[in-house]
Amino acid sequence: MDSFSTLIRTASHEQHVEAETSTFMSDLLGGRLGVDAYARYTEQLWFVYEALESGATRLASDPVAGPFIRPELLRLPSLERDLAHLRGPDWRTGLRALPATRAYAERVAGCVRDWPAGYVAHHYTRYLGDLSGGQIIRDKAEKTWGFTKKGDGVRFYVFEEIGNPAAFKRSYRELLDAVPVDDLEKQRIVSECKRAFALNTDVFRALGEEFPLSA
Ligand code: HEM
């Protein structure tokens, strides 16, 4: 039987392709969007990571979610530096969650509160993605809008404390494989992962509507 890390990756493959090829992501990676769209996207990420990380200390001692809570992953401080760079010192004043972002953040917060195994699905979907495809987005953002390499504006994508991302991802997959739940609960985690991808795609759709290309 496949390991759980293989199962969750293969089961969410289709959703991954969908997120990756969404109009907003394609336009972003194609260098067709202005920096304002990138800033707006970064603002949406703030709400998602606020939900993921504000409850993290509470989950640290949980037998299922606890092993995933690693300080070197925390993104909120980097996001806040990026936003100060993108929007200026008053970045909080204009910060608005799109309805799709609110729905996503509420789902994460609900898992933090009531379902640590569901939280693992959200944790995996975001952090392993940031460590993987996130690096492609960073490279494109640096080139498109001229951010200093790994500097302000793209710090969200830079995991300063993870020297070897490939090794980190390997150990992360080992954590997934060792998650102490039965097969039925593993299936529920997989379903929640698909839902997490869909919530991301919803945010991309909303951003795509906000930043349509005139061409
Ligand atoms: C245009 C955007 C994206 C690109 C180019 C991209 C690209 C990639 C690549 C190349 C990998 C494989 C890396 C490896 O095996 O080491 C990967 C893995 C992953 N991506 Fe993405 N991705 C994108 C968007 C997303 C989004 C929006 C999410 C979810 C929010 C996501 C979640 C993941 C996850 C969870 C993995 C880890 C799969 C695993 O090994 O278990 N990605 N991505």
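This passage looks at an iron site, the salt bridges and the internal cavities of a predicted model.

A good place to start is the metal. The iron atom of the ligand receives a single donor from the protein, and that donor is the NE2 atom of His16, 2.1 Å away. His16 itself sits in helix H2, which covers residues 13–20.

The next topic is charge. Side chains of opposite charge can pair when their charged atoms come close. In this model, the count of such salt bridges comes to 16. One of them joins Glu210 and Arg40, whose N and O atoms are 2.7 Å apart. This pair ties together distant parts of the chain: Glu210 belongs to helix H11 (residues 183–210), Arg40 belongs to helix H4 (residues 35–54), and the two are 170 residues apart. The partners also differ in their surroundings. Glu210 has a relative accessibility of 34%, so this residue counts as partly exposed. Arg40, in contrast, has a relative accessible area of 13% and is therefore buried, because buried means under 20%.

Two further pairs can be described in the same way. Arg70 forms a salt bridge with Glu72, and here the closest N and O atoms are 3.4 Å apart. Arg70 is partly exposed at 24% relative accessibility, whereas Glu72 is buried, with a relative accessible area of 18%. Asp152 and Arg155 make another salt bridge through their side chains, with 2.6 Å from N to O. In this pair the acidic residue is the partly exposed one, as Asp152 has 29% relative accessibility, while Arg155 is buried at 18%. Salt bridges can also share partners, and in this way Asp36, Arg40, Glu43, Arg87 and Glu210 are joined into one network. Two members of that network, Arg40 and Glu210, have already been met as the pair linking H4 and H11.

The last topic is the empty space inside the protein. The model contains two cavities of 30 Å³ or more. The largest has a volume of about 50 Å³. Its lining is made up of Tyr41, Gln44, Leu45, Val48, Tyr104, Arg126, Asn200, Val203 and Phe204. Helices H4 and H11 each supply at least two of these lining residues, and H4 provides the largest share, with four. Sorted by class, the lining of this cavity holds six nonpolar residues, two polar residues and one charged residue.

The second largest cavity has a volume of about 40 Å³. Around this cavity lie Leu52, Glu53, Ala56, Ile69, Arg70, Leu73, Leu74, Tyr119, His123 and Tyr127. The elements that contribute two or more residues to this lining are H4 and helix H8 (116–131), and H8 gives the most, with three residues. The classes here are seven nonpolar, one polar and two charged residues. Arg70 is worth a second look, as this residue lines the second largest cavity and also takes part in the salt bridge with Glu72. Helix H4 likewise returns in several places: Arg40 of the long-range salt bridge lies in H4, and H4 helps to line the largest cavity as well as the second largest one.

How values were computed:
Residues are numbered from 1 along each chain as its sequence is written. This is a predicted model: local features need pLDDT of at least 70, side-chain atom pairs count only at pLDDT 80 or more; totals for chains, interfaces and linings use all residues. Side-chain values use heavy atoms; hydrogens and water are left out. Donors are N, O and S atoms within 2.8 Å of the metal (3.2 Å for Na, K and Ca); water is not among the atoms, so sites may look incomplete. A salt bridge is a side-chain nitrogen of Lys or Arg within 4 Å of a carboxyl oxygen of Asp or Glu. Buried means under 20% relative accessible area, exposed over 50%, partly exposed in between (1.4 Å probe, protein chains only). On a 1 Å grid over the protein atoms alone, a cavity is a set of points where a 1.4 Å probe fits but cannot get out, and a pocket is an open set with protein on both sides within 12 Å along at least five of seven lines; lining residues have an atom within 4 Å of a point. Grid points are joined across faces, edges and corners, and a volume is the space filled by probe spheres set on the points. Ala, Val, Leu, Ile, Met, Phe, Trp, Tyr, Cys and Pro count as nonpolar, Asp, Glu, Lys and Arg as charged, and the others, Gly among them, as polar.
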